[in-house]
Amino acid sequence: MPETSVLYVLNGPNLNLLGVREPDIYGRETLADVQALCERAADGASVVFRQTNHEGELIDWIHEAREKASALVINPAGYGHTSVALLDALKTLTIPIVECHLSNPAARERFRHRSYVSPVAAGVVSGFGPFSYELAVKAALRLVQERRTAADRSV
Ligand code: DQA
C-alpha cells in the first residue's frame, strides 16, 4: 500500500471506555489496543485514529475526511442507530466507507438493528471484537487499491 494512503478510523460515543464498559460484550482490550491493532493492520498506510462522545465533532471529522482520507472506517457506536445527521455527513464522501462494530448489533436488542451508516457503507464488519477493526482496515485498504487499479486502467 503506497505511503500516500490515509485511513481515517473514527469512533463514536462511549468507546473511550473500552476495556471497562460491559466487558462481557465489548471485551477487556482498550481503545489504545484497538488503535495499535489498526496501525499494524494498515501495512504502511497512515492511520488517523480518533474517538469522540460528541455527534457534531464526529461530523466535523467526517467533513475533514472528505479532504484528507483515502478511506474511512467508522464505528459510530450508539449514533449509528439514531443519527440522520451522521448519515447526511457520510453521504458527502466519495471515498470507501467501512462500518465496524465490536459486537454484532443484529444479534442484540431490536433498537440496534437499524443502522444509519450501513446504507452508505461499502460493507460492514461486526461481531469479532477488536478483530472487526483489523478486518475493516484490511477491507478499506483493499477498496482503495482496487479503485487505484481501476483508475490506472482507464488512462
Ligand atoms: C457498538 C454497537 C452499538 O450498538 C453500541 O451502541 C456501541 C458499540 C459495537 O462496537 O459493538 O456503542 O458499535
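**Group meeting: pocket, salt bridges and surface of a predicted model**

Let me start with the largest pocket, which 14 residues line, and of these Tyr26, Ala77, Gly78, Arg108 and Arg112 lie nearest its centre. A pocket here is defined on a 1 Å grid over the protein atoms alone, as an open set of points where a 1.4 Å probe fits, with protein on both sides within 12 Å along at least five of seven lines; a lining residue has an atom within 4 Å of a point.

A word on the source. This is a predicted model, in which local features need pLDDT of at least 70 and side-chain atom pairs count only at pLDDT 80 or more, while totals for chains, interfaces and linings use all residues. Residues are numbered from 1 along each chain as its sequence is written, and side-chain values use heavy atoms, with hydrogens and water left out.

Back to the pocket. Its space comes to about 150 Å³, where a volume is the space filled by probe spheres set on the grid points, joined across faces, edges and corners. The lining has five nonpolar, six polar and three charged residues. For that split, Ala, Val, Leu, Ile, Met, Phe, Trp, Tyr, Cys and Pro are nonpolar, Asp, Glu, Lys and Arg are charged, and the others, Gly among them, are polar.

Now Ala77, one of the residues nearest the pocket centre. Ala77 sits in the loop between β3 (71–75) and α4 (84–91); helices (H or I, at least four residues) and strands (E, at least two) are DSSP runs, numbered from the N terminus. Why does Ala77 count as buried? Because its relative accessibility is 11%, and buried means under 20% relative accessible area, exposed over 50%, and partly exposed in between, with a 1.4 Å probe and protein chains only.

Ala77 also has a positive phi of about 50°, although it is not a glycine. Most residues other than glycine have a negative phi. Asn14 is another non-glycine with a positive phi, of about 75°. Asn14 is in the loop between β1 (6–11) and α1 (23–26), and it counts as partly exposed, at 38% relative accessibility.

Next, how many salt bridges does the structure hold? There are three, a salt bridge being a side-chain nitrogen of Lys or Arg within 4 Å of a carboxyl oxygen of Asp or Glu. Glu109 pairs with Arg108 at 3.8 Å, N to O, and with Arg112 at 2.7 Å, N to O. Shared partners thus join Arg108, Glu109 and Arg112 into one network. Arg112 is buried, at 18% relative accessible area, whereas Glu109 is partly exposed, at 35%.

The remaining pair is Glu64 with Arg50, whose closest N and O atoms are 2.9 Å apart. This pair links distant parts of the chain, with Glu64 in helix α3 (residues 55–68) and Arg50 in strand β2, 14 residues apart. Glu64 is partly exposed at 23% relative accessibility, and Arg50 is partly exposed at 22%.

Last, the surface. Phe128, Phe131 and Leu135 make a nonpolar surface patch of about 280 Å². Patch residues have over 30% relative accessible area and no salt bridge; like charges are joined within 9 Å, and nonpolar side chains (Val, Leu, Ile, Met, Phe, Trp, Tyr) within 5 Å. Accessible areas come from the Shrake-Rupley method with a 1.4 Å probe, and for residues only the protein chains shown count as cover. Phe131 belongs to helix α5 (residues 130–153) and is partly exposed, with a relative accessible area of 41%.
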